[in-house]
Amino acid sequence: MAEEKTFYITTPIYYPSNKLHVGNSYTTVAADAVARFKRLTGYKVWFLTGTDEHGQKIQRQAELAGKAPREFVDEIVAWIKELWQELDIDYDDFIRTTEERHKKKVAAIFTRFYEQGDIYKGKYEGWYCTPCEAYWTERQLDECNCPDCGRKVELIAEEAYFFKMSKYAQQLQDHIETNPDFILPPSRKNEMVNNFLNPGLEDLCVSRTSFDWGIPVPFDPDHVIYVWLDALSNYITALGYGEKGSNFETFWPADVQLIGKDILRFHTIYWPIFLMALGEPLPKTVFGHGWLMLQEGKMSKSKGNAIDPLVLSDRYSSDALRYFLLREIPFGQDGIFSLESFINRINTDLANDLGNLVSRTLTMAERYFDGKLIEPQADDDNTDQELINTALDTPALVEGFTDQLKISDALTELWKLVKRSNKYIDENTPWELAKDPAKKGRLGTVIYNLVESIRFIAVMLQPFMPRTPESIWEQLGIASNDQLKTWDSLSEWGAIQPGTVVSRGDDLFPRLNLQAEIREMQGDQPAENGVKDDSVQDDQEGLISLDHFQQVDLRVAAITNAEKIPKADKLLKVEVSLGESEKRQVVAGIAEHYQPDQLIGKHVIFVSNLKPVKLRGVLSQGMLLAATAEDGSLALTTVDREIPAGSRVS
Ligand code: MSP
């Protein structure tokens with residue numbers, strides 16, 4: 001039997017010192033997407049995350065909260081687990097460093113280092129940054145502050161155990177040089193080599209005596225083991241390191257260890273050296289991603305709701321949040337989180353591109369075929385070939401980028417297929433085909449191809465947005481056919497069977513009003529008189545807010561028919577199309593300015609959310625916009641190049 005391909009991926013274990021913000025969720029969402037992707041593509045995956053619960057920082061935070069450390073961390077860990085559940089983080093194991101299985105192995109590792117002469121006892125006199133739990137030498141400080149976080153460091157003088165880092169420095173340097181994928185992205189490698197390895201590694205202090213919230217050194221219990229030695233070991237203790245037949249044997253070395261760039265030194269210098277001292281292989285890749293920032297700087301808890309991942313996912317759905325995090329920022333670089341860019345992504349990529357593709361396609365399938373897919377014709381249409389080729393090429397591209405951890409690029413590729421499919425609708429104008437009974441076969445082929453393309457998209461979407469494909473399977477009528485959800489089903493076009501009955505469901509992602517969202521989420525305070533700021537402007541200066549303007553739904557409408565209304569000299573009954581699925585009729589006061597046949601084919605700006613009224617007994621469902629000059633002449637507003645009917649005007 002062929003051996004199963006394995007894949008082990010880890011996130012940093014988080015300090016349960018406070019609730020996590022959306023920046024912390026970023027690594028875990030990315031790791032989950034990669035883990036799901038590897039599962040989907042046939043790997044036996046182990047995905048580990050957890051919490052880093054010991055150390056001076058946690059002990060102090062607990063004291064501040066008036067709680068025992070254990071009680072303090074238990075509450076935050078429960079919250080973190082709830083967050084991961086909400087964000088669909090499908091981990092295989094969650095390790096807490098306060099668990100027995102971890103503590104006893106760390107103690108054994110420490111003893112082994114001591115016994116083999118890697119650890120010796122001495123006295124530490126130097127600087128310590130408690131928020132980073134990091135030791136610094138005088139020359140490393142940045143004007144008396146921590147060079148990583150910029151906060152005040154403390155001078156400590158304690159008896160301590162030291163690890164002989166220098167013993168392994170050359171071996172590590174060689175490993176880094178000969179394994180270009182060990183530290184990624186490559187720029188991070190130079191940072192580590194130039195800033196830490198080249199100047200020469202100092203021995204690392206690996207125990208503390210001035211507090212006790214940690215794992216005691218087994219043979220000297222006045223000392224607790226340095227929290228980073230304790231924490232880094234989680235990646236192997238959670239696998240059952242040292243036990244026969246354990247996951248360690250199956251999964252180590254890790255394929256990818258994802259971390260933020262601020263903790264690179266611990267993972268690319270200390271961690272590999274500890275592993276070398278244990279005689280174990282090093283992880284294949286340590287990937288240091290960038291930070292998610294706010295416009296005003298790095299995130300902090302005081303920024304409130306707008307960055308609380310639970311609030312965001314509750315309001316906008318966890319899939320939308322996952323999509324934004326994965327798509328917006330090229331993995332590895334810093335990026336800005338703003339509510340505005342988040343809402344814009346939802347509106348453009350999710351509501352317009354993906355949501356419309358599904359709703360347009362299924363509306364047409366229902367309208368023209370009662371939802372039933374017909375056998376596609378084998379005709380040689382160029383647009384068919386282009387769509388099919390794009391769909392068949394996309395899986396390999398998405399896989400290639402995901403394997404390189406270029407997750408944003410993977411999603412960009414996937415969206416090329418979404419856009420290609422929307423273009424296919426515009427090219428084939430199914431609503432025109434529907435007018436000619438002789439073209440029924442072609443119409444059915446177009447719809448079949450669109451549905452199959454949506455199936456391709458949903459299969460590939462699963463790792464990144466796990467919930468949306470579920471809804472798509474329902475709408476495509478294939479919820480119970482697991483075979484059609486597999487990666488292998490993308491190797492050939494046409495797996496969805498003619499005869500399948502599709503049915504349009506709720507919109508996947510309703511469009512959001514940006515201004516209203518910003519106001520609600522960022523909590524604009526009412527003005528002193530109790531009136532919101534922008535309505536004060538409305539009243540006092542004759543101005544309206546953008547929000548009010550955006551309540552008018554303006555669309556491009558294609559005029560499909562126009563005729564005179566008997567006994568009404570000024571009025572025409574005009575029929576318009578707002579895309580293939582929406583037709584309207586309006587009564588327009590333009591009969592003195594346009595002949596009916598001059599109008600047909602024009603693309604005009606249309607108010608689509610006016611309440612319907614009857615004029616001269618004729619129903620009017622909207623309004624055509626027109627400019628009127630002082631002399632009374634009138635011109636309809638049109639668009640200055642071809643654009644599909646139904647496009648929004650804003
Ligand atoms: N406990 C250590 C890690 C030990 S791993 C053996 C730790 N914890 S942390 O909670 O402070 O940070 C966890 C991760 O969150 C780090 O990778 C850090 O880079 C990441 N992030 C913290 N703020 C972030 C952003 N604003 N954006 C992206 N990642 C962020 O360090």
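**Exercise 1. Is N382 buried or exposed, judged by its relative accessibility?**

Before we start, a word on the model: it is predicted, so local features need pLDDT of at least 70 and side-chain atom pairs count only at pLDDT 80 or more, while totals for chains, interfaces and linings use all residues. Residues are numbered from 1 along each chain as its sequence is written, and side-chain values use heavy atoms, with hydrogens and water left out.

*Solution.*
- Step 1: recall the cut-offs: buried is under 20% relative accessible area, exposed is over 50%, and partly exposed lies in between (1.4 Å probe, protein chains only).
- Step 2: N382 has 61% relative accessibility, so N382 counts as exposed.
- Step 3: place N382 in helix α14 (residues 382-403); helices (H or I, at least four residues) and strands (E, at least two) are DSSP runs, numbered from the N terminus.

**Exercise 2. Describe the surroundings of the ligand.**

*Solution.*
- Step 1: find the shell. There are 24 residues around the ligand, and I13, D52, G260, D262 and L292 come nearest; a residue is near if one of its heavy atoms lies within 4 Å.
- Step 2: sort the shell by class. It holds 13 nonpolar, eight polar and three charged residues. Here Ala, Val, Leu, Ile, Met, Phe, Trp, Tyr, Cys and Pro count as nonpolar, Asp, Glu, Lys and Arg as charged, and the others, Gly among them, as polar.
- Step 3: look for polar contacts (pairs of N or O atoms within 3.5 Å; within protein, one must be able to donate a hydrogen and the other to accept it, and residues adjacent in sequence count only if both atoms are side-chain atoms). A backbone N or O atom of I13 lies 2.8 Å from a ligand nitrogen atom, and a polar backbone atom of L292 is 2.9 Å from a nitrogen atom of the ligand.
- Step 4: check the cover. Taken alone the ligand exposes 670 Å², and the protein buries 94% of that (Shrake-Rupley method, 1.4 Å probe; for residues, only the protein chains shown count as cover).

**Exercise 3. Work out the order of the six-stranded open sheet and find its edges.**

*Solution.*
- Step 1: read the order, β3-β2-β1-β12-β13-β7, with parallel pairing; two strands pair if DSSP finds at least two bridges between them.
- Step 2: the edge strands are β3 (93-96) and β7 (183-184), each of which pairs on one side only.
- Step 3: zoom in on β2 (residues 44-51), which pairs with β3 over four bridges. T51 stands opposite R96 in β3.

**Exercise 4. Test the length of helix α4.**

*Solution.*
- Step 1: the expected span is 1.5 Å times one less than the number of residues.
- Step 2: α4 (residues 100-115) has 16 residues and should span 22 Å; its end C-alpha atoms are 22 Å apart, which agrees.
- Step 3: list buried residues of α4, among them V106, I109, F110 and F113.
- Step 4: move on to G117, which follows α4 and has a positive phi, near 85°.

**Exercise 5. Locate the unusual backbone geometry.**

*Solution.*
- Step 1: most residues other than glycine have a negative phi, and most peptide bonds are trans.
- Step 2: a cis peptide bond joins L184 and P185, with omega about -10°, and another joins W252 and P253, with omega about 5°.
- Step 3: E133 and D370 are not glycines, yet E133 has a positive phi of about 50°, and D370 has a positive phi of about 50°.
- Step 4: E133 is buried at 0% relative accessibility, whereas D370 is exposed at 67%.
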